[in-house]
Amino acid sequence: MAATQLFSHSSSLSKTLTGNPFPKFPVLSLKHTLNFQKTLKPFTLRAVLSENPTKTQTPTTSFEHCFSKKSDGFLYCEDVKVLDVIETVEKRPFYLYSKREITRNVEAYKEALEGLNAIIGYAIKANNNFKILEHLRKLGCGAVLVSGNELRLALRAGFDPAKCIFNGNGKLLEDLVLAAQEGVFVNVDSEFDLENIVAASRIAGKKVNVLLRINPDVDPQVHPYVATGNKNSKFGIRNEKLQWFLDAVKAHPNELKLVGAHCHLGSTITKVDIFRDAAVLMVNYIDEIRAQGFEVNYLNIGGGLGIDYYHTGAVLPKPRDLISTVRELVLSRNLNLIIEPGRSLIANTCCLVNHVTGVKTNGTKNFIVIDGSMAELIRPSLYDAYQHIELVSPAPLEAEVSKFDVVGPVCESADFLGKDRELPTPAKGAGLVVHDAGAYCMSMASTYNLKMRPPEYWVEEDGSLSKIRHGETFEDHMRFFEGL
């Protein structure tokens with residue numbers, strides 16, 4: 001469907017704000033509340049504590065899998081045998097990353113954006129590991145935030161506020177005050193959101209740079225839970241209400257400066273023409289906005305580029321393909337481009353590494369039971385998502401290949417990491433990985449069934465192994481009840 005047929009625009013709505021809907025708010029006291037453990041257990045790995053960026057090898061820009069089976073039949077992360085890592089660290093599920101792959105993914109976006117004025121705004125919701133954020137900041141990324149604590153974390157990690165964008169359909173006043181104080185971009189999501197931004201500006205005593213988040217009503221052709229840009233979405237404003245918001249901004253010249261327009265279609269998108277359809281609509285809106293005297297210089301097209309979860313060799317679009325579809329539109333309007341990658345920067349850099357507890361059969365179903373679960377990685381249970389699974393070591397020759405459901409120990413039938421996976425029957429204690437676990441896995445982990453969130457490690461550029469997050473313990477849980 002042609003982009004111009006996706007909806008009709010109406011500008012015949014109310015063009016004035018009546019009255020002052022904003023009550024007086026008390027000045028808020030805002031405190032940074034993030035505390036990070038500084039005490040390391042005796043450990044044979046190099047701790048990641050340096051704030052100084054390290055030199056990296058010249059990166060390549062293809063999104064290849066950094067975890068691969070080599071000729072000896074073992075799984076490697078870059079050139080490090082995963083089995084060796086398993087035998088080095090504490091025996092529990094853990095996340096393992098390639099730092100080099102994170103760098104390669106960022107460099108792919110940088111190369112795709114050459115010739116454009118652009119901000120690569122990493123979506124912190126995808127993965128909020130503090131050491132990963134520091135690394136992305138050193139590589140030049142900005143940050144996309146959807147909560148006050150993500151904003152506080154971005155500031156703690158040293159991100160430039162001028163490269164930070166605060167999104168969300170329910171931003172709280174106290175968090176908007178912090179955003180106003182720090183000078184980050186704020187997306188306007190609704191009428192009440194605009195009221196809160198105005199109030200925050202007055203409390204902070206600073207004008208806020210805002211973008212209007214417009215729903216272009218473009219179908220991203222993805223799971224409904226990760227589709228965000230259609231007309232019935234909880235996010236953003238409908239296009240026919242655009243004039244109301246423009247008039248609202250005009251009515252508050254001391255609080256608001258409209259600098260751009262934003263849209264976000266969804267996640268796991270594998271057809272870049274969808275981004276172009278949305279961009280065509282958005283630049284037309286920017287033309288309308290500019291015609292009313294606004295100096296609008298930013299187009300934010302969101303994120304959502306998909307990755308090869310199935311490991312079938314499918315040819316999927318790369319950052320260059322995405323940027324190529326919108327490049328001429330951006331240049332034709334002399335716009336600064338903001339993109340918000342999360343999954344495509346971090347997902348393929350990581351595996352969840354597990355241990356096989358045992359194998360069982362019930363009825364016609366075979367099960368591999370592991371120590372990892374939906375508590376550590378919920379995407380399959382939440383979205384019925386596919387993530388590739390394999391053993392880290394070559395199977396014995398006598399091992400029978402069968403179809404298995406790979407499940408965890410959590411007391412829910414929904415606790416599965418994969419269904420009907422053809423695998424060699426593993427031995428008790430064997431290592432098993434769930435691939436592409438860098439995005440929306442650890443960041444969505446829970447302590448359900450009192451399974452403590454796991455530790456995280458990465459393979460450095462020089463091949464050494466570093467711990468980048470401590471695993472949570474039972475004692476950590478009990479500390480929440482001390483002194484009560």
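**View 1. Helix H4 and the residues it tucks away.** In this predicted model, Gly148, Glu150, Leu151, Arg152, Leu153, Ala154 and Leu155 of helix H4 are buried. That makes seven of the nine residues in H4, which spans residues 148-156, so the helix is mostly covered. The cover over these buried residues includes helix H3 (130-138) and helix H5 (173-182), along with strands E7 (142-145) and E8 (164-166). Follow the chain just past the end of H4 and you meet Gly158, whose phi is positive, at about 90°.

**View 2. The largest nonpolar core and its best-connected members.** This core holds 111 residues, and those touching the most other members are Tyr95, Val186, Leu212, Leu258 and Leu337. Helix H8 (residues 273-291) supplies the largest share of the core, with nine residues. Apart from this core lies another, of 18 residues, with Phe67, Val82, Ile86 and Val392 among them. As a general backdrop, nonpolar side chains in soluble globular proteins tend to be buried together.

**View 3. A closer look around Tyr95.** Which residues does Tyr95 touch, leaving aside those up to four places away in sequence? Its contacts include Cys350, Cys351 and Leu352, then Glu376 and Leu377. Further along the chain, Tyr95 also touches Ala437, Cys441 and Met442, as well as Pro454, Pro455, Glu456 and Tyr457.

**View 4. Strand E20 between its partners.** Strand E20 covers residues 431-434, with Gly431 and Val433 pointing one way and Leu432 and Val434 the other. Are these residues buried or exposed? All of them are buried. The pattern is a familiar one, since side chains in a regular strand alternate between the two faces of the sheet. E20 runs antiparallel to strand E15 (residues 350-362), and four bridges join the two. Strand E17 (residues 389-391) also pairs with E20 in the antiparallel sense, over three bridges. Val434 is a handy landmark here: Leu352 is its bridge partner, and Ile389 stands opposite Val434 as well.

**View 5. Two loop residues with positive phi.** Asp384 is not a glycine, yet its phi is positive, at about 55°. Asp384 sits in the loop between helix H11 (379-383) and E17, and is exposed, with a relative accessible area of 61%. Leu450, another residue other than glycine, has a positive phi near 55°. The loop that holds Leu450 runs between E20 and strand E21 (456-459). With a relative accessible area of 44%, Leu450 is partly exposed.

**View 6. A three-stranded open sheet.** The strands follow the order E2-E3-E4, and their pairing is antiparallel. Why do E2 (67-69) and E4 (80-81) count as the edges? Each has a single partner strand, so one side of each is left without a neighbour in the sheet. Three bridges hold the antiparallel pairing of E2 with strand E3 (residues 75-77). One place to start looking is Lys69, whose bridge partner in E3 is Leu75.

**View 7. Glu90 and Lys467, a salt bridge across the sequence.** The model has 24 salt bridges in total, and one of them joins Glu90 to Lys467, with the closest N and O atoms 3.5 Å apart. Glu90 belongs to the loop between helix H1 (82-88) and strand E5 (94-98), while Lys467 belongs to strand E22 (residues 465-469), so the pair ties together parts that are 377 residues apart in sequence. Glu90 is partly exposed at a relative accessible area of 25%, whereas Lys467 is buried at 14%.

**View 8. Salt bridges around Lys241 and Glu240.** Glu191 and Lys241 meet through their side chains in a salt bridge of 3.2 Å, N to O. This pair links distant parts of the chain, 50 residues apart: Glu191 is in helix H6 (residues 191-204), and Lys241 is in the loop between strand E11 (237-238) and helix H7 (242-250). Glu191 is partly exposed, with a relative accessible area of 29%, and Lys241 is also partly exposed, at 37%. Glu240 forms a salt bridge with Arg238, where the closest N and O atoms are 3.4 Å apart. Here Glu240 is partly exposed, at 28% relative accessible area, but Arg238 is buried, at 19%. Elsewhere, Glu78, Arg100, Glu101 and Arg104 are joined into one network by salt bridges that share partners.

Methods: Residues are numbered from 1 along each chain as its sequence is written. This is a predicted model: local features need pLDDT of at least 70, side-chain atom pairs count only at pLDDT 80 or more; totals for chains, interfaces and linings use all residues. Side-chain values use heavy atoms; hydrogens and water are left out. Buried means under 20% relative accessible area, exposed over 50%, partly exposed in between (1.4 Å probe, protein chains only). Contact means heavy atoms within 4.5 Å. A nonpolar core is a set of buried Ala, Val, Leu, Ile, Met, Phe, Trp, Tyr and Cys residues joined through side-chain atoms within 4.5 Å. Two strands pair if DSSP finds at least two bridges between them. A salt bridge is a side-chain nitrogen of Lys or Arg within 4 Å of a carboxyl oxygen of Asp or Glu.
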